[in-house]
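Biologist: I'm new to this one, so could you walk me through it and tell me how each label was earned?

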Amino acid sequence: MTTSASPTRLILASASPARRKLLEDSRIAFTVRVSSVDEDAALATANEQARAQGRAGLTPAETASLLAQLKAQAVAAELAAEGVRDALVLGCDSVFEFEGVAYGKPHTAEAARERISAMSGNYGVLHTGHALVDLRGIEPGAALPVASDLPTVSELRSATVHFDELSPEEIEAYIATGEPLWVAGSFTLDGYGSAFIRGIEGEFHTVVGLSIHALRDMLRRREVTVTELWLPPEEEN
């Protein structure tokens with residue numbers, strides 16, 4: 001885990017190894033605090049509210065944005081209660097949209113097989129929601145604010161992913177790795193799945209799960225430059 005000497009700290013509200021690696025590769029200092037948000041319950045409530053408004057439910061893009069915000073706010077509330085006043089909390093969530101349907105993590109080989117077979121030779125859109133909650137404005141000794149009242153900036157990034165055709169044998173071999181069971185849309189760009197991606201329209205980082213460019217934009221909106229969070233250059237051996 002990375003630490004920072006910067007007066008402003010970045011806290012990643014995610015257990016995702018891919019998101020951690022993106023920040024590490026970008027030489028951005030951060031620590032990790034995993035969110036305890038009940039995603040299923042939160043989405044059930046949000047979809048019920050959407051249906052009460054005459055809609056079919058949340059769109060895949062709205063789902064990604066909502067979960068990113070809830071994760072960031074949950075961690076921010078915990079840190080605020082612990083007296084943290086120097087941090088920005090980053091929440092992210094990715095949802096893959098295929099033929100209008102939101103695909104999260106398949107969890108089972110059967111679900112992954114069905115999805116990957118349908119996606120073979122086709123394309124879909126990967127939505128990654130980002131939310132940045134700012135804890136720096138809480139006055140010492142003041143009553144703790146509600147998490148939803150803390151200054152928050154959000155950014156949604158989407159990218160179209162084109163898949164090559166996969167043979168039944170390739171699908172089974174990919175599922176056997178276990179990789180597609182625990183990622184949105186049942187594929188990755190930074191692992192075994194990279195062999196089956198024919199092209200991307202949009203940011204590579206968006207598909208992996210955290211747009212570094214979106215983070216820069218959100219930091220700037222909170223009057224922080226990304227360079228403030230950079231780690232010093234590594235010395236050559």
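Biologist: Which residues of H7 are buried?

Modeller: They are Ile212, Ala214, Leu215, Asp217, Met218 and Leu219. Keep in mind that this is a predicted model.

Biologist: And what covers the buried residues of H7?

Modeller: The cover includes strand E1 (9–12), helix H1 (17–25), strand E3 (87–98), strand E5 (123–134), E6 and helix H6 (204–208). Just past the helix comes glutamate 223, whose phi is positive, near 60°.

Biologist: Asp217 is on that buried list. What makes its pairing with arginine 157 a salt bridge?

Modeller: The cut-off is a side-chain nitrogen of Lys or Arg within 4 Å of a carboxyl oxygen of Asp or Glu. For aspartate 217 and arginine 157 the N to O distance is 3.1 Å, so the pair passes the 4 Å test. Aspartate 217 sits in helix H7 (residues 212–221) and arginine 157 in strand E6 (residues 152–163), so this pair ties together parts that are 60 residues apart in sequence.

Biologist: Why is arginine 157 called buried?

Modeller: Its relative accessibility is 13%. Buried means under 20%, so the label follows. In fact, both aspartate 217 and arginine 157 are buried.

Biologist: Which other residue does arginine 157 meet in a salt bridge?

Modeller: Glutamate 155, with an N to O distance of 3.2 Å. There is also a network of salt bridges that links Glu155, Arg157, Glu203, Asp217, Arg220 and Arg221.

Biologist: How many salt bridges does a search of the whole structure find?

Modeller: The search finds 16. One of the salt bridges joins the side chains of glutamate 78 and arginine 33, at 3.4 Å from N to O. Glutamate 78 lies in helix H3 (residues 60–81), while arginine 33 is in the loop between strand E2 (31–32) and helix H2 (39–52), so parts that are 45 residues apart in sequence are tied together.

Biologist: Are glutamate 78 and arginine 33 buried, exposed or partly exposed?

Modeller: Glutamate 78 has a relative accessibility of 27%, and arginine 33 has 25%. Buried stops under 20% and exposed starts over 50%, so values in between are called partly exposed. That is the label for glutamate 78 and for arginine 33.

Biologist: On to helix packing. Why is H4 called oblique to H5?

Modeller: The axes of helix H4 (residues 109–119) and helix H5 (residues 168–176) come within 10 Å and cross at roughly 140°. That makes H4 oblique to H5, because roughly antiparallel needs an angle over 145 and roughly perpendicular runs from 65 to 115. As for handedness, H4 passes H5 in a right-handed crossing.

Biologist: Which residues meet there?

Modeller: From H4 you have Ala109, Ala112, Arg113, Ile116 and Ser117, and from H5 Ile171, Glu172, Tyr174 and Ile175. By class, that contact has 6 nonpolar, 1 polar and 2 charged residues.

Biologist: How do you know that isoleucine 171 is buried?

Modeller: Its relative accessible area is 6%, and the label needs a value under 20%, so isoleucine 171 qualifies. Leaving out residues up to four places away in sequence, isoleucine 171 touches Arg113, Ile116, Ser117 and Leu166.

Biologist: What about H2 and H3, at what angle do they pack?

Modeller: At about 125°, with their axes 11 Å apart. H2 is therefore oblique to H3, and the crossing is right-handed. Glu39, Ala42, Leu43 and Ala46 in H2 meet Thr63, Leu66, Leu67, Leu70 and Lys71 in H3.

Biologist: One last thing: what is noteworthy about the phi of serine 186?

Modeller: Serine 186 has a positive phi of about 70° although it is not a glycine. Most residues other than glycine have a negative phi. Serine 186 lies in the loop between H5 and strand E7 (197–201), and its relative accessible area is 1%. That is under 20%, so buried is the right word.

Biologist: And where is arginine 27?

Modeller: In the loop between H1 and E2. Arginine 27 has a positive phi too, near 60°, but at 26% relative accessibility it counts as partly exposed.

Conventions: Residues are numbered from 1 along each chain as its sequence is written. This is a predicted model: local features need pLDDT of at least 70, side-chain atom pairs count only at pLDDT 80 or more; totals for chains, interfaces and linings use all residues. Side-chain values use heavy atoms; hydrogens and water are left out. Helices (H or I, at least four residues) and strands (E, at least two) are DSSP runs, numbered from the N terminus. Buried means under 20% relative accessible area, exposed over 50%, partly exposed in between (1.4 Å probe, protein chains only). Axes are lines fitted to C-alpha atoms, for helices over the stretch in contact, and angles run from 0 to 180 degrees between N-to-C directions. Angles under 35 degrees count as roughly parallel, over 145 as roughly antiparallel, 65 to 115 as roughly perpendicular and the rest as oblique. A crossing is left-handed if the near helix is turned anticlockwise from the far one by less than a right angle, and right-handed if clockwise. Contact means heavy atoms within 4.5 Å. Ala, Val, Leu, Ile, Met, Phe, Trp, Tyr, Cys and Pro count as nonpolar, Asp, Glu, Lys and Arg as charged, and the others, Gly among them, as polar.
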